[in-house]
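Student: Could you take me through one part of this protein closely, namely its largest cavity and the residues around it?

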Amino acid sequence: MSNTKRVIVAAPRGYCAGVDRAVVTVEKALETYGPPVYVRKQIVHNKHVVSTLEQRGAIFVDELDEVPTDALVVFSAHGVSPAVHEEAARRELRTIDATCPLVTKVHREAKRFASQDTDILLIGHAGHEEVEGTMGEAPERTTLVEHPDDVDHLDMPTDKPLVWLSQTTLSVDETMETVSRLRTRFPLLQDPPSDDICYATQNRQLAVKQIAPKVDLMIVVGSRNSSNSVRLVEVALEAGAKRSERIDYASEIRPEWLDGVETVGVTSGASVPDELVQGVLDHLEERGFPKAEEERLTEENLTFALPPELRRAIKKHDLT
């Protein structure tokens with residue numbers, strides 16, 4: 001084995017506070033109420049997490065009309081629009097809202113700006129649950145901007161105040177490029193009161209940027225529908241990685257990816273349990289690579305309390 005081979009694993013990686021809270025919410029709901037517990041959409045965008053929870057009795061549905069009357073339903077970390085809350089109340093479903101508090105913050109901003117008659121430019125991806133939830137707060141006031149190039153086609157007055165908000169899991173660099181083009185076109189554009197892109201998304205991108213210039217191959221563990229995982233693949237290439245690939249499991253690593261490769265970087269999206277990263281590191285060791293060195297950008301110690309409705313139920317359950 002060549003002693004020049006290296007594996008560098010990025011940190012922070014994997015679970016963020018919002019994902020951890022959402023996954024634990026479903027686990028605790030199953031323990032407290034017993035199965036089945038319905039979940040609207042994937043609780044987090046990770047294939048492995050979803051199938052593990054299904055085995056324990058969670059039932060994932062696309063819409064509330066698939067949930068029986070009187071059942072318990074958990075809303076995913078990505079958030080839902082007011083229309084979904086209203087439908088749940090109308091059907092008298094019991095609900096637990098596992099929306100990430102950082103997404104809730106963006107919802108509040110959208111409501112507040114709309115109530116002030118300020119038009120909102122939401123930077124994000126069409127069809128993503130988080131974007132649908134945020135736009136649902138003020139649909140008549142919100143315009144979606146998907147790419148920097150979309151700015152040129154916006155048909156809005158340039159002499160009226162506007163504010164930009166963003167999906168929390170985007171590429172920081174691309175978002176700022178979009179904002180810069182918006183600002184050129186709309187001189188009265190306001191910034192949100194605080195940065196919408198979540199701390200975990202930023203930290204994972206910065207950690208990848210730190211190691212990407214040294215690697216021949218960057219392996220990003222994460223699912224195809226995970227926006228922040230897909231962004232990590234792009235960020236790695238932009239920062240100098242010779243190649244970058246996204247996988248769900250170590251078994252998806254193709255032997256030819258490792259041909260002639262000396263240094264491999266490994267990271268994972270914010271909805272990925274670390275056991276999947278460990279599987280990749282074990283796989284690389286079996287292929288003759290040494291134990292991984294961790295390069296840590298920063299420590300993360302943020303945690304979020306469980307949803308209040310679940311905390312009350314657990315307390316009651318523990319007392320009986």
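Tutor: Happy to; here is the largest cavity, followed by two residues of its lining. This is a predicted model, where local features need pLDDT of at least 70 and side-chain atom pairs count only at pLDDT 80 or more, while totals for chains, interfaces and linings use all residues. Residues are numbered from 1 along each chain as its sequence is written, and side-chain values use heavy atoms, with hydrogens and water left out.

A cavity is a set of points on a 1 Å grid over the protein atoms alone where a 1.4 Å probe fits but cannot get out, and lining residues have an atom within 4 Å of a point. The largest cavity holds about 260 Å³, a volume being the space filled by probe spheres set on the points, which are joined across faces, edges and corners. Among its 21 lining residues, Cys 16, Val 19, His 78, Thr 169 and Asn 228 are the closest to its centre.

UniProt, in an unreviewed entry, gives "binding site" at positions including His 45 and Ser 226; such annotations may be inferred rather than shown by experiment. Both His 45 and Ser 226 belong to the lining of the largest cavity.

His 45 counts as buried because its relative accessibility is 6%, where buried means under 20% relative accessible area (1.4 Å probe, protein chains only). Its side chain reaches the backbone oxygen of Asn 225 at 2.9 Å. Ser 226 is also buried, at 1%. Leaving aside neighbours within four places in sequence, Ser 226 is in contact (heavy atoms within 4.5 Å) with His 45 and Ser 271.

How values were computed: On a 1 Å grid over the protein atoms alone, a cavity is a set of points where a 1.4 Å probe fits but cannot get out, and a pocket is an open set with protein on both sides within 12 Å along at least five of seven lines; lining residues have an atom within 4 Å of a point. Buried means under 20% relative accessible area, exposed over 50%, partly exposed in between (1.4 Å probe, protein chains only). A polar contact is a pair of N or O atoms within 3.5 Å; within protein, one must be able to donate a hydrogen and the other to accept it, and residues adjacent in sequence count only if both atoms are side-chain atoms.
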